[in-house]
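The following exchange was prepared for a bench biochemist. Please examine the sequence and the structure first.

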Amino acid sequence: MNIDHEFSVGLEWQGDLGSGTSSVRDFSRAHTVTAGGPEPIAGSSAPVFRGDAARWNPEQLLIASLSQCHMLSYLHSAATHGIVVTAYTDAATGTLRQVGLGGHLTQVTLRPVVTVASGDRDLARELHAQAAANCFIAASVNFPVTHEVTILDG
């Protein structure tokens, strides 16, 4: 059974500094991402691409989406398999390979640190593979998403 779900976001560029895009140095990359309910996200390009380091860039947002999706899939799997998780953190990283004016992400590494209060610790580790398979975002990208998992007793 296929079920389609639609998600919508809005984007507004705020970077006209008076002369529009008259040259690549004459405009800001500042923009706002909205979704009708959550707080707006202040975005820009990465500092290496003339962006504002105080704002989220698209690469960070994609890596954050992968981290969130994996965590949510993992917590669901843990709950359905009797693993009681009391804490979960991640320090995810990704690599962007620039090729001329374009480029692509070549890989993302998630580093979940999971505190398990009760349940089988080996199963808790193995459930990360199930979470990876169930993550909608990871299934949508064309680069590897790897996992360096740490399980702590809680």
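The questions below concern the disulfide, the aromatic pairs and the pockets.

The model is a predicted one, in which local features need pLDDT of at least 70 and side-chain atom pairs count only at pLDDT 80 or more, while totals for chains, interfaces and linings use all residues. Residues are numbered from 1 along each chain as its sequence is written, and side-chain values use heavy atoms, with hydrogens and water left out.

Reader: Which cysteines form a disulfide?
Author: A disulfide is taken here as a pair of cysteine sulfur atoms within 2.5 Å. By that rule the count is 1. The sulfur atoms that satisfy it lie 2.4 Å apart and belong to Cys69 and Cys135.

Reader: How many residues apart are Cys69 and Cys135?
Author: Helices (H or I, at least four residues) and strands (E, at least two) are DSSP runs numbered from the N terminus. Cys69 belongs to helix α1, whereas Cys135 is in the loop between α2 (121-134) and β8 (145-147). The disulfide thus links distant parts of the chain, and the separation is 66 residues.

Reader: Is the disulfide of Cys69 and Cys135 right-handed or left-handed?
Author: The handedness follows from the torsion about the S-S bond. That torsion is about 140°, so the disulfide of Cys69 and Cys135 is right-handed.

Reader: Is Cys135 buried or exposed?
Author: Relative accessible area under 20% counts as buried, over 50% as exposed, and in between as partly exposed (1.4 Å probe, protein chains only). Its partner Cys69, at 11%, is buried. Cys135 has a relative accessible area of 1%, so this residue is buried.

Reader: Why is the pair of Trp13 and Phe27 edge-to-face?
Author: Rings of Phe, Tyr and Trp (its six-membered ring) pair if their centres lie within 6.5 Å; planes under 30 degrees apart are stacked, over 60 edge-to-face and the rest tilted. The count by this rule is 2 aromatic pairs. The ring centres of Trp13 and Phe27 are 6.2 Å apart, and the pair is edge-to-face because the planes stand at 75°.

Reader: Which residue has its charged end over the ring of Phe27?
Author: A charge sits over a ring if NZ of Lys or CZ of Arg is within 6 Å of the ring centre and within 35 degrees of the ring normal. For Phe27, the charged end lies 4.0 Å from the ring centre and belongs to Arg29.

Reader: What is the volume of the largest pocket?
Author: On a 1 Å grid over the protein atoms alone, a pocket is an open set of points where a 1.4 Å probe fits, with protein on both sides within 12 Å along at least five of seven lines; lining residues have an atom within 4 Å of a point. Grid points are joined across faces, edges and corners, and a volume is the space filled by probe spheres set on the points. For the largest pocket this space is about 810 Å³.

Reader: Which element gives the largest share of the lining of the largest pocket?
Author: The lining has 21 residues, and those closest to the centre are Phe7, Val9, Ser65, Gln68 and Ile137. Two or more lining residues come from each of β2 (31-34) and α1 (58-80). The largest share, 7 residues, comes from α1.

Reader: Which element gives the most to the lining of the second largest pocket?
Author: This pocket holds about 190 Å³ of space. At least two lining residues come from each of β5 (93-99) and β6 (102-110). The most, 3 residues, come from β6.
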